[in-house]
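These are my notebook entries on a single chain, written in the order in which I looked things up.

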Amino acid sequence: GEDGTGDITKNENIRALSKAIDQGTNGRGVALVTADGGFSVHGVENSQEYLTHQLVLCQILTGLMITRKGGSFVCKLFDLNTWFSASLMY
């Protein structure tokens, strides 16, 4: 990413990845994107879905930006209990 961290929750990193994919694929995007972001929720496992809202949103946004028309995007989620998560899937 732009700042070298690979942090997909930072706008500048999302834009840098999208630009690199666009340049590398002549504007076509990639055929398959998988998302499996996460971080330790040790001790607060019951709050995992809430704590990962930003990460999940950024993964989906990035996937939509870099997946080519007709391509596939797979995002692993653990729960869909909150309105936020359910609305993203809808």
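**Entry 1: a cut-off to begin with.** I call a residue exposed when its relative accessible area is over 50%, buried when that value is under 20%, and partly exposed in between. With that cut-off I looked up Asp36, which has a relative accessibility of 54% and therefore counts as exposed. I note here that the model is a predicted one, and I keep this in mind for every value below.

**Entry 2: the chain as a whole.** I went through the secondary structure and found four helices and two strands, which follow one another along the sequence in the pattern α-β-α-α-β-α. The C-alpha trace spans about 45 × 30 × 15 Å along its principal axes. I also looked up the burial of the chain, and of its 90 residues 28% count as buried.

**Entry 3: salt bridges.** How many salt bridges does a search of the whole structure find? The search returns two, and I took them one at a time.

In one of them Lys76 is paired with Asp36, and the closest N and O atoms lie 3.1 Å apart. Lys76 sits in the loop between β2 (67-75) and α4 (83-89), while Asp36 sits in the loop between β1 (30-35) and α2, so the pair ties together parts that are 40 residues apart in sequence. As for the surroundings of the two partners, Lys76 is partly exposed at a relative accessible area of 41%, whereas Asp36, as I wrote above, counts as exposed at 54%.

The other salt bridge joins the side chains of Asp3 and Lys10, with an N to O distance of 3.1 Å. Here I find Asp3 partly exposed, with a relative accessible area of 34%, and Lys10 is partly exposed as well, with a value of 30%.

**Entry 4: the packing of two helices.** I then turned to helix α1, which covers residues 11-24, and helix α3, which covers residues 53-66; the two pack with their axes 9 Å apart and at an angle of about 20°. Since angles under 35 degrees count as roughly parallel, I describe α1 as roughly parallel to α3. I recorded the handedness too, and the crossing of α1 and α3 is right-handed.

Is Thr62 buried or exposed? Thr62 belongs to helix α3, and its relative accessible area of 5% makes it buried. I also checked its distance to Arg15: the two residues are 47 apart in sequence, yet C-alpha to C-alpha they are separated by 8.5 Å in space.

**Entry 5: the end of α1 and the loop after it.** Gly24 has its place in helix α1, and at 65% relative accessibility I count Gly24 as exposed. For a pair at long range I looked up Gly24 and Asn81, which are 57 residues apart in sequence and 38 Å apart in space between their C-alpha atoms.

Asn26 caught my attention for its backbone, because its phi is positive, about 55°, although Asn26 is not a glycine. I located Asn26 in the loop between α1 and β1, where its relative accessibility of 72% counts as exposed.

**Entry 6: a glycine in a strand.** Gly70 is part of strand β2, and with a relative accessible area of 78% I count Gly70 as exposed. The C-alpha atoms of Gly70 and Val30 are separated by 9.8 Å, although the two residues are 40 apart along the chain.

**Entry 7: a nonpolar patch.** Which residues form a nonpolar patch on the surface? I find Phe39, Val44, Tyr50 and Leu51 there, and together they have about 410 Å² of accessible area. Of these I followed up Leu51, which lies in helix α2, residues 48-51; Leu51 is partly exposed, with a relative accessible area of 39%.

Notes:
Residues are numbered from 1 along each chain as its sequence is written. This is a predicted model: local features need pLDDT of at least 70, side-chain atom pairs count only at pLDDT 80 or more; totals for chains, interfaces and linings use all residues. Side-chain values use heavy atoms; hydrogens and water are left out. Patches are made of residues with over 30% relative accessible area and no salt bridge: like charges are joined within 9 Å, nonpolar side chains (Val, Leu, Ile, Met, Phe, Trp, Tyr) within 5 Å. Accessible areas come from the Shrake-Rupley method with a 1.4 Å probe; for residues, only the protein chains shown count as cover. A salt bridge is a side-chain nitrogen of Lys or Arg within 4 Å of a carboxyl oxygen of Asp or Glu. Buried means under 20% relative accessible area, exposed over 50%, partly exposed in between (1.4 Å probe, protein chains only). Axes are lines fitted to C-alpha atoms, for helices over the stretch in contact, and angles run from 0 to 180 degrees between N-to-C directions. Angles under 35 degrees count as roughly parallel, over 145 as roughly antiparallel, 65 to 115 as roughly perpendicular and the rest as oblique. A crossing is left-handed if the near helix is turned anticlockwise from the far one by less than a right angle, and right-handed if clockwise.
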